Structure formats: C-alpha cells, structure tokens
Amino acid sequence: MKVHFFRSRAVCLAVLLFLVSFTPAYAISNLAIGQLQNPDTENATTSSPPTIHLEPGQDIKSAWEATLKKQEETKAEKARQEFLAASNQPQVFDDVAPDQWHFPYVMTLYNKGGVSGLGNGCFDPDAEVTRGELYAIASRLVMQEKINMSSADVHWAMPYLDALVNNHVMNAMPIHFDSTHFDEGISRNLLAMFLVSLAKYRGEELEKLESIENNIDDSPFCEEAVFKAYSAGLLTGKGNDLFDPDGTMTRAEMCVVFCRLMKYVPREEVVVQPPKKSDFFVTLPNEDKWKVLPEVAHEYLLDAVANMYVGEDENGVYLHATAPALPEELADCTFRYGMDGFYANSTTYLFQSPAPFDLKPGESHAVYLENLDYGNTPFRSKSIGDNHIKISVYIHRPMYGSSDRYLTVVNSVDDHLQAWDYDFGGSTGKYVPADVSHVFAQVKK
C-alpha cells in the first residue's frame, strides 16, 4: 500500500508539471513566491500579490518579473494621466495659478490628499516647509490608515509624527516633541535622511551612484543620504553645482520632491559629471583655508609613499623620495615631506620636524638623517635598530602657505610598519591598508 501511495503522488506531480509546460497561457492568482513583494502600491506594507500570466514554457521567475514590469508601466502611465489632469483642472488656491511652474505638483498632491491649504484659499507655495508639514505630507501619502488623530490636542502635527515613529521611519532622525520643533524648518541634509528612510519603508532601497560627488561642489558638507536621494533623482542642487545642505525647502519644492518619491512624475535623470577643478579642493566653511579633498589626495599620497624609501650607504641612513605625477587640476601643487625621529617606546626625539622639503612631480631628493639634529642629540646611527621614524607627506599648494591638509604618515617601530591617514587639524588618524614594507626594507635587514 505504501508503494502505491507514493506512486500516486508521483503521477500527480507529473501531471502538474505537464500542465505547467504545455497548456495555453493561464493566470496564477495570489501567488506567494519566496520573499517577493508587489510594489504596485503607494504603501508596500499592505500590498497583495498580483496575478501572474504564465506563458507556455515560461518559468515563474521570468513571468513574475514581466508582470511587475508591466505593472510599473501601467502605473507610470496612470500617474502621467493624473498629472496631466492636475495641470488642466480648475484653480483651487488663490496663490497657486495654472500658469505657475508648481501648479501641477501642488494639485497632484492635493488630489492625493497629501496637502491642503492654510485657510482663506491660500497655499503659500514660497513659504518654508516646516517639520510638521513634512510629517503630515509623508504620513498621509504613505501610511494614511496608520494615522491616529487622538494626539492632535498636543499639536496638530503630533499624530503624523506618531505614525512615522511607530513605523520606524524616524529611526535615524533627531526627534523633539515640543511645539517649536514642529514649526521649524528642516535642513536639506536632514530631509535627505528622511526621504531615504521613507523610501525604504515603501520597499525601495536608495543606492548611491559611484562618483556622484562630482556633481556637488559642497559635497564634503553633505550627509551620505544626500548622495542617495540625489542619485535616485529625488533631490537636485540649488544651481551652480551646489546642494546647499544646510538650506531649507519651500512648500512648492516639497510638492515636487514628493511627486518624485511617489512616482507621480518621472524622476530626474542623473548623469554623473566628470571631475572638475572644484572637485579637487574644498574651502573650509567660515575660514580662509583650503585642502585637497581626502578622496583625491589619498590616491596620490599612497603613490608618493610607494616612491619613497629609507636606505643606508657609507654616509649614513637617508630618506629618498620621488614625487609621483599629479593631474592637471593640481598642477600648482607639490608634495611636501616631513620627518620625526624617536627612540622606541619613548617620547625623546632623535630629531623633530626639520625643515620640510618640497618636490614637484617627477623630482627626487635624498635627506641624510644624521644631519638632522634635535638640540644636542644628533641622529648618527647607521641602522634604525629600535628607533621609531615617522615620515609624513601631503600635497602642498605653495601660494596658499600653511593650511589644513590631508596627509599620509608611515610609522616604523622595530619591524612594525603602518600607514595612517590624517585629516590634519581636524579628525584623528585612521589606519590605511597599504604595502609600506619597502620604505624601511633596506635598513631592516
């Protein structure tokens, strides 16, 4: 009996496979395939699986992907028609006229229930959007059914913040629950963080395009979320390749951003720009100082380390350095080299910060360490032995004199070699994986 039972199951399975392979196209409804979700909704957390049309000989995965693609196309066309309809509908707000650029965006969100006026027939499109208004727009569009108005007696925007907090959208955001917080503006940096989190709640993981920093001149002052929101076409710059991370946004601009987030309109197409001169330098805020951007300097400083070594001949121990090539944008820069020498496990100097030497790309120079005196303690050893030598190199722009800078330091203590990167005058150093064994190899034998 047991054999017949398993044979029956095998026959049923064969029949099922035959039907899937050879019957005409049919639909599979409410199909759950692993962890796949249906994004064809404004709230991905409440979606149900779509109907999948399976063609003869087609596997389920490709059928699923084709179905989702078709849904996206249908949804995009529906959104285009709705946006076009919003462009042509009668005026609702006295200060948002049909001939103004933001009219269709405001009206689209108005039709979707995301925004309302301020009363007296006004929308005030040029006013700074507040945090409370941001919370209201987001929760109304993305999680309307999760808004509980019972806390509105605290502040009109509290129910919207509660909905966002309870659904973990605010996890990475600083939150204050006093009324002044709701009435404040929000920086574009924080807005980007909010959008990345909100997109994730909707089932969309925003990714950063490689080298997108080339598009933004003030990128060193932008949060990582800015690059993700910018890469996705949700946020754009303020002109002149500036993002203005500490600036705020108007109510009209916010309507544009949410129309993009919800895919009511096509998102901005982002093309990564090639590096330009402003991508190599940054002027520090509120200071008349500059530095080569770390992501630029790092590459060339490691090249400089690769082209230097400590050697020894009949005249003693020396440092030999050859400066590598630099790009045209850094043509007025040189490599500046400096050294310190210590007794190992001691703060006593063998020599300290002698006059640095500068090398233009392609130039070489050797410095004998025994000629470097610190007080009355000359360095005369023909072998490094247990001594500790630190060699630093950074890109120097002579016409600007002393400045904050990004540098790479090679340390030697006994047989332990390390390369460190420092944002000089700023953050502490960090270890950089790099092969620096050659630097002291000739005197470590």
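Modeller: Two residues are in contact when heavy atoms lie within 4.5 Å. The model is predicted.

Colleague: Which helices do the buried residues of α5 pack against?

Modeller: They pack against α4 (131-142), α6 (179-182) and α7 (188-201).

Colleague: What makes a residue of α5 (residues 158-166) count as buried, and which residues are buried?

Modeller: Buried means under 20% relative accessible area. In α5, M158, P159, Y160, L161, A163 and L164 are buried. Each of these six names therefore falls under that 20% cut-off.

Colleague: What follows α5, and what is its phi?

Modeller: H168 follows α5. Its phi is positive, near 65 degrees.

Colleague: How many of the protein's residues count as buried, as a percentage?

Modeller: Of 445 residues, 43% count as buried.

Colleague: Now the sheet. Why are β5 (308-313) and β10 (364-368) said to stand at the edges?

Modeller: The strand order is β5-β6-β10, in an open sheet with antiparallel pairing. β5 and β10 each have a single partner strand, so one side of each is left without a neighbour in the sheet. From one strand to the next, the twist averages 25 degrees.

Colleague: How do you know that strand β6 (residues 316-322) and β10 pair?

Modeller: Pairing requires at least two bridges between the strands. β6 and β10 have five, in the antiparallel sense. Five bridges satisfy the cut-off, so the two strands count as paired.

Colleague: Which residue of β10 stands opposite A321?

Modeller: H365 in β10 stands opposite A321.

Colleague: What share of contacts between residues at least 6 apart in sequence join residues at least 24 apart?

Modeller: The share is 62%.

Definitions and conventions
Residues are numbered from 1 along each chain as its sequence is written. This is a predicted model: local features need pLDDT of at least 70, side-chain atom pairs count only at pLDDT 80 or more; totals for chains, interfaces and linings use all residues. Side-chain values use heavy atoms; hydrogens and water are left out. Buried means under 20% relative accessible area, exposed over 50%, partly exposed in between (1.4 Å probe, protein chains only). Helices (H or I, at least four residues) and strands (E, at least two) are DSSP runs, numbered from the N terminus. Axes are lines fitted to C-alpha atoms, for helices over the stretch in contact, and angles run from 0 to 180 degrees between N-to-C directions.
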